[in-house]
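Student: I would like a close look at one part of this model. Please take the helix packing together with the pockets beside it.

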Amino acid sequence: MSGDQEEMEETERIFKSIDSNGDGKISSTELGNALKKLGSVMPEEVQRMMAEIDTDGDGFISLKEFTEFALANPGLVKDVAKIF
């Protein structure tokens, strides 16, 4: 398996662990709960991250949006992977 394939699988695994209700999208509540596992987080920080990652503005983070964010921020995603 290539490194890219492994990274995609890891990204999908993290996405699914954040998507606690399994509906295929991450809500601001799910993002907030995930960020709390990394330490204390303010509601403003959750909203800022939602706005940054939710590029189509539908109020949810899709796997595609999460993957694009992961590719642009590999170090952050590696840190998150340690939690999930």
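Tutor: What follows starts with one helix, H4, then turns to its partners and to the two pockets. Keep in mind that this is a predicted model.

Start with the general idea. A packed pair of helices is described by the angle between the axes and by how far apart the axes are.

Take H1 and H4 as the opening pair. H1 covers residues 3–18 and H4 covers residues 63–72. Their axes lie 10 Å apart, at an angle of about 125 degrees. H1 and H4 are therefore oblique to each other. The crossing of H1 past H4 is right-handed. On the H1 side, the contact uses Met8, Thr11, Glu12, Ile14, Phe15 and Ile18. On the H4 side, Leu63, Phe66, Thr67 and Ala70 take part. By class, this contact of H1 with H4 has seven nonpolar residues, two polar and one charged.

Now turn to H4 and H5. Here the axes are 5 Å apart, and the angle is about 110 degrees. That makes H4 roughly perpendicular to H5. H4 brings Phe69, Ala70, Leu71 and Ala72 to the contact, while H5 brings Pro74, Leu76 and Val77. The contact of H4 with H5 has seven nonpolar residues, no polar and no charged ones.

Ala70 deserves a second look. This residue of H4 is in the contact with H1, and Ala70 is also in the contact with H5. Ala70 lines the largest pocket as well.

That leads to the pockets. The largest pocket has a volume of about 220 Å³. H1, H4 and H5 (74–83) each give at least two residues to its lining. H1 gives the most, with five residues. Among the lining residues are Asp4, Glu7, Met8, Glu10 and Thr11. Others in the lining include Thr67, Leu71, Pro74, Val77, Lys78 and Ala81. By class, the lining of the largest pocket has six nonpolar, two polar and four charged residues.

The second largest pocket holds about 160 Å³ of space. Its lining has 15 residues, and Leu31, Leu35, Met49, Phe69 and Val80 lie nearest its centre. Two or more lining residues come from each of H2 (28–38), H3 (43–53), H4 and H5. H2 gives the most to this lining, with four residues. The lining of the second largest pocket has 15 nonpolar residues, no polar and no charged ones. Phe69 ties this pocket to the helix packing: it lies among the residues nearest the pocket centre, and Phe69 is part of the contact of H4 with H5.

Conventions: Residues are numbered from 1 along each chain as its sequence is written. This is a predicted model: local features need pLDDT of at least 70, side-chain atom pairs count only at pLDDT 80 or more; totals for chains, interfaces and linings use all residues. Side-chain values use heavy atoms; hydrogens and water are left out. Axes are lines fitted to C-alpha atoms, for helices over the stretch in contact, and angles run from 0 to 180 degrees between N-to-C directions. Angles under 35 degrees count as roughly parallel, over 145 as roughly antiparallel, 65 to 115 as roughly perpendicular and the rest as oblique. A crossing is left-handed if the near helix is turned anticlockwise from the far one by less than a right angle, and right-handed if clockwise. Contact means heavy atoms within 4.5 Å. Ala, Val, Leu, Ile, Met, Phe, Trp, Tyr, Cys and Pro count as nonpolar, Asp, Glu, Lys and Arg as charged, and the others, Gly among them, as polar. On a 1 Å grid over the protein atoms alone, a cavity is a set of points where a 1.4 Å probe fits but cannot get out, and a pocket is an open set with protein on both sides within 12 Å along at least five of seven lines; lining residues have an atom within 4 Å of a point. Grid points are joined across faces, edges and corners, and a volume is the space filled by probe spheres set on the points.
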